[in-house]
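Me: Please pick one part of this model and look at it closely with me. After that, I'd like to hear how it fits into the bigger picture.

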Number of protein chains: 2
Amino acid sequence: MPLITFQPSGKTVELPRGSDLLEAARQAGVEIEFPCGGKGTCGKCIVRIISGDVDSDSLGVLSASTVSEGYMLACRTKILDTPVTVEIQEPLGREGGKFSDELEDIQLIRHELLPEDYQFDPLALKWVLDVPPPQKDDGLSDLDRLTRTLQKEWGKTPVSYTLPVLRSVADVVRRENGRVTVTLIRSPERYQVIGIEPGDRTTRHYGISVDVGTTTVAVQLVFLPMAQIVATRTAYNDQIECGLDVISRINYSQKPGHLEELRTRVLRTINRLIQQVCSSHGVAPNEICNGVVAGNTTMIHLLLGLNPEYIRLEPYTPTVLEAPYLTADQVGIAINPQSWIYIAPCVGSYVGGDITCGLLCTDLAAPGDEINLFIDVGTNGELVVGNQDFLLTCACSAGPAFEGGGIECGMRAAVGAIERVEIDAESGQARCQVIGDVKPRGICGSGMISLLADLLITGWIDAAGKLDRNRTSPAIEIDGKGSRYIIVPNEQSASGKPIALSEIDIENIIRAKAAIYSACSLMLEKIGLEFADLATIYIAGGFGRFLDIEKARIIGLVPDLPREKYRYIGNSSLMGAYMVLVSQDFKERQLDLARRMTYIDLSSEANYMNHYTGALFLPHTERSAFPTVHALIEGRPSPG
Amino acid sequence: MPLITFQPSGKTVELPRGSDLLEAARQAGVEIEFPCGGKGTCGKCIVRIISGDVDSDSLGVLSASTVSEGYMLACRTKILDTPVTVEIQEPLGREGGKFSDELEDIQLIRHELLPEDYQFDPLALKWVLDVPPPQKDDGLSDLDRLTRTLQKEWGKTPVSYTLPVLRSVADVVRRENGRVTVTLIRSPERYQVIGIEPGDRTTRHYGISVDVGTTTVAVQLVFLPMAQIVATRTAYNDQIECGLDVISRINYSQKPGHLEELRTRVLRTINRLIQQVCSSHGVAPNEICNGVVAGNTTMIHLLLGLNPEYIRLEPYTPTVLEAPYLTADQVGIAINPQSWIYIAPCVGSYVGGDITCGLLCTDLAAPGDEINLFIDVGTNGELVVGNQDFLLTCACSAGPAFEGGGIECGMRAAVGAIERVEIDAESGQARCQVIGDVKPRGICGSGMISLLADLLITGWIDAAGKLDRNRTSPAIEIDGKGSRYIIVPNEQSASGKPIALSEIDIENIIRAKAAIYSACSLMLEKIGLEFADLATIYIAGGFGRFLDIEKARIIGLVPDLPREKYRYIGNSSLMGAYMVLVSQDFKERQLDLARRMTYIDLSSEANYMNHYTGALFLPHTERSAFPTVHALIEGRPSPG
């Protein structure tokens, strides 16, 4: 029986002739997605034959050129008598564990959020054209022939070209009998040709979606012909050293040279991540010919080198909400220099493209009268409430606590982060779940929420977030006025130092959750509604795969509503950017959403402070607002 | 009586209070144009008051902002009691004499060629806007307010912005109470804002028209608010060292690095000329925000760094005829980097934007049935024949002789060039007219034509261009097989060496004129017409102000037709580029002309060689074609 080897894992299996590759993968323990059930319709089980002969019938789903490069559908490919080596798109970060860069999780969210029938229609397209040879006396230049060939397939829209394309077109159209691959950016008024290559190069076609957060930056590499997410990488924004939140970044930018420094820092972060996603998948950055960037308004200003000062000063007016057409070269993003960098539209000074991207991942404004709420928990918390008829949005400053910033042992949801904690009611000690099954390095947002919730339920902290000094626990260290909770003792941590949460850290977390909850309650008050009137609450944020809504409700980060009303949608900013990258329809929809949103400035709302102060307790000063949580707390076992 | 001083000449005059500046200028011997006769309607007598008080009523013709900068109409400005210093736009190249850069000549041609009622509507516009201050809760960014203000005046066309504009807009709109000057490029589908400055800067608004010839390059600085030509400078194309004609340039470009070298060389020439026109008029290159470039197809390819190889190879297909939107920065032209560099459309491999620009200066395709001919005499000779219904065009390789290239003592029509020669029939000696009343440095195209014509009429050369060896003249030097004609003996020339024309030079000139004449006769043959059927013959070329059609007819450069059928239009390529720069209407008209022209490839016309060979005599082998010239020759006084 022939041996089937799967790369890059190296797993092997022997199977008789006639077996299909999907079965081989299953038996070898290699995961391949096939949401259509192996019917050859979804195109998701694409693999590449590195060596060996197979019998495949992938045409129709895959293009001829894709097949000619060795790509096939595993479900439609049968083994013959020879050994075969197959390459599959394996997840990055194979250190293992659930952190937000894990491809599986991304795919999972992608499947959950992306409508089945979405219109695949990427902003940038590679297209094969057969340009006729030059003719004497036809009066046509090389460019004229190219334009006519293009217009024959794409209609009479005017076509424009970049200078680098102009410089190579004469040689390229004469190389492979006139067969060329053009890279196109389409707008209703004009097609812009930003690249031309000889022959069929449609399978070397990538895009990136980028989420520029105040604290973290995420870059996703997408194989555009199949809208396939190849890899995702997240890192802290290199700007963090210049301030933890947008206001401190804006202040920092006001000194001479600092604006340029901030621009350089975020570009360095983005470009490093691009380098990483590319190099681990054998993609040249130059093969990336479109980028969609989502970020809050300040982050976008800093990325483009725009003075963000007026975002902070009354009347809080940003320079730009809908950025004009910009190339990668102009912005400084290290992909094909002629690529279009599309910046997701912002709504106001403190509601940016991350939110308009996030909304794309929801049915918040879908037909129907039900009113829904979208909450993005980040360094800035943003929310949107509304339905098909109205959309109100506002922002609040939560601080970077949930992303690990400003918390002594905080970290983002990556390998080594404690993402879930259970407290032993008796001893007060913690049992932790760590991302990636390694020694813990710190605690991420979802871990903090889980920890505080359990400490509250077990009575080890009070409503003010103070640790119980009346009982002794090996986990509680009292040091003068302050005290801290040892989550992991030194001998069990990766660094050899204890992982702890001080009362000051806890205060930070409470302030963060209070900012978000009070913004929600104020917004509802403004439109005369109560939390109970909401149909669905979408929660977005960089918590990785995992956010325990139950725990978030216990600490009063989110209202006390039935679990089924909640949907956790992860880093929806990045997901929305991906959606815009692969579909013009989503881009239009997003622009429409952005323009329909009404921005409310919380700082001018007299009542906001009352709402905020009321929320500075666990779960809240107003007991009646959290009946389920109080029932839980009261039902707690009495301390030993 | 107050003293009136005119700058930069320093000329002064004293006149009583109440006199107007136009009169003062006249009395001081300072030339100011006033084609309207001093009625205050043409706006041409614009001057600037440097110091002193005057009583002026220039509003209405000049904008308030122009007046506020000290600009006034001389005819509408009266002297008061104080001394006044007035700056006038004086011609460049004040060494004197008629060479083609002389502003007077340019203005003359401009007045002659520019239709009275042309639509002033420059491609780039500076416009003052009053942007309202930012408002709380209006949901508008700085850019949104700017766009709305712009659209209020210019209609709902979409507006886009460059990144440098984005970077300065926030600060600029907050400086002078929201008053800003935007620099706009308008197209039917979109307004592109390429600059923004605080306050009213509309009087600092310049454009350049550039003629990139194979041999010479000319740059013209234009004050856009008044479509006023400020200065013109011409120089040899630095590419000359790489080959004298387009074919040798193309050959040169094929070695590694040579294409880039050629690009750099022509850019160096252009940018040096820009520097010159700017510095002599106190204009910063950054204040130039639009450029129109006319050049033959090869020159445009080299300027843009496009491989010109296929222009030379069958089937002679250029990369581009209508160049896409390009910025100064991309092209490498040292003006405002965001400026649009508009490249005049080409028609074929050997008929370029210089010709479509030239045609703009003619009524060749004007309503009416009359058939006209346009001849551009340059290193490549190009012609167009047609009327409103059809336009045929072709090119021939004349060589650089008429521009001074390839001729030992040849030079362009600049100071020191012999531009007209009269031969003493008896002695055979020459009497020369030199541009600029200086010692002669060489002979320019019009001088060569004049010289050959007179030598032919006086019998000192024969129909083959050979000097008469039977008679002796101090002007003829016989040296073995060859001989040469001494135009200026060493003691009278600027260099101390004689200025002479060898028989080899004469052969070159004959070949040049034969190429052009035979191309004309072949084109007419193709459409079944004769020269006599032509209504008007437009002659263009770098001959400066002066081309004696009579002499051109004697040597057989142009057909033997009545003088009144000819119109000499000078460097019509530069003039046409100027017209496109100041009017979108001309741009559209030019594009229409370019698209309607049918390009004929002479090299594939079997009969061309016969026509050419027939024209290799003075005036022509076919006596009947030049009856007037032969009458002149035969009527010559018999030699003493």
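Reply: Let's start with B:Gly29, which follows α1(B) and has a positive phi, near 80°. Keep in mind that this is a predicted model: local features need pLDDT of at least 70, side-chain atom pairs count only at pLDDT 80 or more, and totals for chains, interfaces and linings use all residues. Residues are numbered from 1 along each chain as its sequence is written, while chains are lettered from A and ligands numbered from 1 in the order in which they are written.

Now step back into the helix itself. α1 of chain B covers residues 21-28 (helices are DSSP runs of H or I with at least four residues, strands are runs of E with at least two, both numbered from the N terminus). In this helix, B:Leu21, B:Ala24, B:Ala25 and B:Ala28 are buried (20 or more other C-beta atoms within 10 Å of their own, with C-beta atoms placed from the backbone). These four cover an arc of only 100° around the axis (going by the directions from the helix axis to the C-beta atoms), so they sit on the same side of α1(B). And what covers them? The cover includes β1 (3-7), β2 (12-14), β3 (46-51), β6 (77-79) and β7 (84-87) of chain B.

Next, the partner chain. In all, 36 residues of chain B are in contact with 36 residues of chain A (C-beta atoms, placed from the backbone, within 7 Å). On the chain B side, α4 (142-154), β9 (159-161) and α5 (163-172) each supply at least two residues. The largest share, six residues, comes from α5(B). Of the interface residues of chain B, 100% are also interface residues in chain A, so the copies meet through the same surface.

How do the copies relate? A rotation of 180° with 0.0 Å of shift along its axis superposes chain B on chain A, at an RMSD of 0.2 Å (a least-squares fit on C-alpha atoms of residues with pLDDT of at least 70 in both). The two copies are thus related as by a two-fold rotation axis. Of the residues of chain B, B:Glu189 comes closest to that axis, with its C-alpha at 3.8 Å.

For the whole-chain view, take chain A. Its secondary structure comes to 18 helices and 28 strands, and 52% of its 640 residues are buried. The C-alpha atoms fill a box of roughly 95 × 65 × 50 Å, taken along the principal axes.

Technical notes:
Two residues are in contact if their C-beta atoms, placed from the backbone, lie within 7 Å. A residue is buried if 20 or more other C-beta atoms lie within 10 Å of its own, exposed if 12 or fewer, and partly exposed in between; C-beta atoms are placed from the backbone.
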